[in-house]
Amino acid sequence: MLALRFHAPGDVRLEDVPEPECGPAEVKIRVRNCSTCGTDVKIRANGHVNITRVTTMGHEIAGEVVEVGPEARGGFKAGDPVQVIAAVPCGDCHECRKGWMAVCQNQTSVGYQYDGGFAEYMIVPEQVLKVDGLNLIPDGVGYDEASAVEPFACAINAQEQLGIEEGDTVVIFGAGPIGCMHVRIARGVHKVGRVIMVDINADRLAMSADAVAPDVTIDASSVDPVAEVLRLTDGRGADVVITATPANVNQEQAIAMAARNGRISFFGGLPKTNPTITCDSNLVHYRQLHIHGANGSAPAHHRAALDHIASGRIPVRDLITRRVPLAEALTAFDIVAKGEAIKVTVEP
């Protein structure tokens, strides 16, 4: 079969490899869609500490069950449409026992320790099944939409922590696919008020605004976003600020623009070579701000995302603006790197 394999930083290849065999406690699927994200681009360039061998990449996966091992959990059968989690908790550590599976200390990942979905077929490992990480796709939800569940699950995890209330003013830094997903969740699930989207790339901001229609856009390459948010809110600031970017300055700006009792999500991680910010601690203290980290998702967030998509609360398909065959998967990476689409999906 054809698969996109990581060999080393800068060395990602499309190769003919043996079709994988299903073990007794595993499930084999025919991949129908595997969507891409900025992490794939970073791995291609820099590798990842958890990829220690030649590995099939891809972690936003939906497909059709073709074989079920006799000892596999979950009661799946051939022909079932399914979606696969990416971050795989152990289910046994202190965090997992507390229900904090998104921060499992023993987490493994599909496309890292396990071969992923940029391939015609893949094996769903026993550990995924152990934590209920293989989900039936509801009726009316396409494989393409289901492949976008993983990033939606991450955004759901972040917003669950923020105590968002109906009518809140929300600022979202980042007009990429994750920023768009945050807009959809904030509106469709939490019924927020005004949504303000901020980015330094005017073209990307316009493209995303056309898709998800934030109430206000701010081109931070030419406008001070803190001053503009304060102006728009009569000096009060934003109730919720989500930084879906890898930019230090955006985290600093989030603190500066948050209203009293404001909630802030540091959703995007910072570069490991420059992970610090300058925080005005008095703003946090006197405004009683709440700063949250957000890292990945738990299996339950995937099921919630599928439910929201099936119900229509979170439209997805229109965010998938480019589709490429597996034979052109490296082109998909280039499209993501250049910001030429909102969401790019690979269709083996």
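Lys and Arg count as positive here, Asp and Glu as negative, while His and the chain ends are not counted. The model in these exercises is predicted.

**Exercise 1. Charges and surface**

Task: State how far apart the mean positions of the positive and negative charges of the protein are.

Solution.
- Step 1. Take the two groups: the protein has 31 positive and 43 negative charges.
- Step 2. Compare their mean positions, which lie 3 Å apart.
- Step 3. Turn to the surface. The protein exposes about 14,600 Å². Carbon and sulfur atoms supply 48% of that area.

**Exercise 2. Overall build**

Task: Decide how the radius of gyration of the protein compares with the globule rule.

Solution.
- Step 1. Look at the secondary structure: 12 helices and 18 strands.
- Step 2. Set the two values side by side. The radius of gyration is 20 Å, and the globule rule gives 20 Å for 348 residues.
- Step 3. Conclude. The values are close, so the protein is as compact as a globular protein of that length.
- Step 4. Add the box. Along the principal axes, the C-alpha atoms fill roughly 60 × 40 × 40 Å.
- Step 5. Add burial and contacts. Buried residues make up 54% of the 348 residues. Of the contacts with a separation of 6 or more, 70% join residues 24 or more positions apart.

**Exercise 3. The nonpolar cores**

Task: Find which residues have the most contacts inside the largest nonpolar core.

Solution.
- Step 1. Fix the size: the largest nonpolar core has 38 residues.
- Step 2. Name the residues with the most contacts inside it: Phe152, Phe267 and Leu319.
- Step 3. List suppliers. Elements that each give at least two residues to this core include α5 (149-160), β11 (170-173), α6 (177-188) and β14 (238-243). The helix α5 gives the most, with 6 residues.
- Step 4. Zoom in on Phe267. Beyond four places in sequence, its contacts include Cys154, Ala155, Ile178, His182 and Ile242.
- Step 5. Look for another core. A second, separate one has 37 residues, among them Phe6, Val12, Val124 and Val346.

**Exercise 4. Positive phi**

Task: Locate aspartate 132 and alanine 213, two residues with positive phi that are not glycine.

Solution.
- Step 1. Recall the background. Most residues other than glycine have a negative phi.
- Step 2. Take aspartate 132. Its phi is near 55 degrees. Aspartate 132 sits in the loop between α3 (126-130) and β10 (134-136).
- Step 3. Take alanine 213. Its phi is about 50 degrees. Alanine 213 belongs to the loop between α7 and β13 (216-219).
- Step 4. Check exposure. Alanine 213 has a relative accessible area of 45%, so it is partly exposed.

**Exercise 5. Buried or partly exposed?**

Task: Classify alanine 329, valine 229 and glycine 79 by relative accessible area.

Solution.
- Step 1. Set the cut-offs. Buried means under 20%, exposed means over 50%, and partly exposed lies in between.
- Step 2. Alanine 329 has 0%, so it is buried. Alanine 329 is in helix α12 (residues 329-338). Leaving out residues up to four places away, alanine 329 touches Leu4 and Val346.
- Step 3. Valine 229 also has 0%, so it is buried. Valine 229 is in helix α8 (residues 225-232). Beyond four places in sequence, valine 229 contacts Val171, Ile218, Ala238 and Met257.
- Step 4. Glycine 79 has 37%, so it counts as partly exposed. Glycine 79 lies in the loop between β5 (60-68) and β6 (81-84). Past four places in sequence, glycine 79 touches Glu64 and Val65.

**Exercise 6. Polar residues under cover**

Task: Work out whether asparagine 250 and glutamate 145 are buried or exposed.

Solution.
- Step 1. Place asparagine 250 in helix α9 (residues 248-257). Its relative accessible area is 10%, so asparagine 250 is buried.
- Step 2. Find its partners. Leaving aside neighbours within four places, asparagine 250 is in contact with Phe173, Thr243 and Thr245.
- Step 3. Place glutamate 145 in helix α4 (residues 143-147). Its relative accessible area is 9%, so glutamate 145 is buried.
- Step 4. Find its partners. Beyond four places in sequence, glutamate 145 contacts Gly140, Ile309, Val316, Arg317 and Ile320.

**Exercise 7. Sequence and space**

Task: Give the C-alpha distance from alanine 329 to glycine 237, and from valine 229 to alanine 258.

Solution.
- Step 1. Alanine 329 and glycine 237 are 92 residues apart in sequence and 42 Å apart in space.
- Step 2. Valine 229 and alanine 258 are 29 residues apart in sequence and 9.1 Å apart in space.

How values were computed:
Residues are numbered from 1 along each chain as its sequence is written. This is a predicted model: local features need pLDDT of at least 70, side-chain atom pairs count only at pLDDT 80 or more; totals for chains, interfaces and linings use all residues. Side-chain values use heavy atoms; hydrogens and water are left out. A nonpolar core is a set of buried Ala, Val, Leu, Ile, Met, Phe, Trp, Tyr and Cys residues joined through side-chain atoms within 4.5 Å. Buried means under 20% relative accessible area, exposed over 50%, partly exposed in between (1.4 Å probe, protein chains only). Helices (H or I, at least four residues) and strands (E, at least two) are DSSP runs, numbered from the N terminus. Contact means heavy atoms within 4.5 Å. The radius of gyration is taken over C-alpha atoms; the globule rule is 2.2 Å times the number of residues to the power 0.38. Accessible areas come from the Shrake-Rupley method with a 1.4 Å probe; for residues, only the protein chains shown count as cover. The place of a charge is taken as NZ of Lys, CZ of Arg, CG of Asp or CD of Glu.
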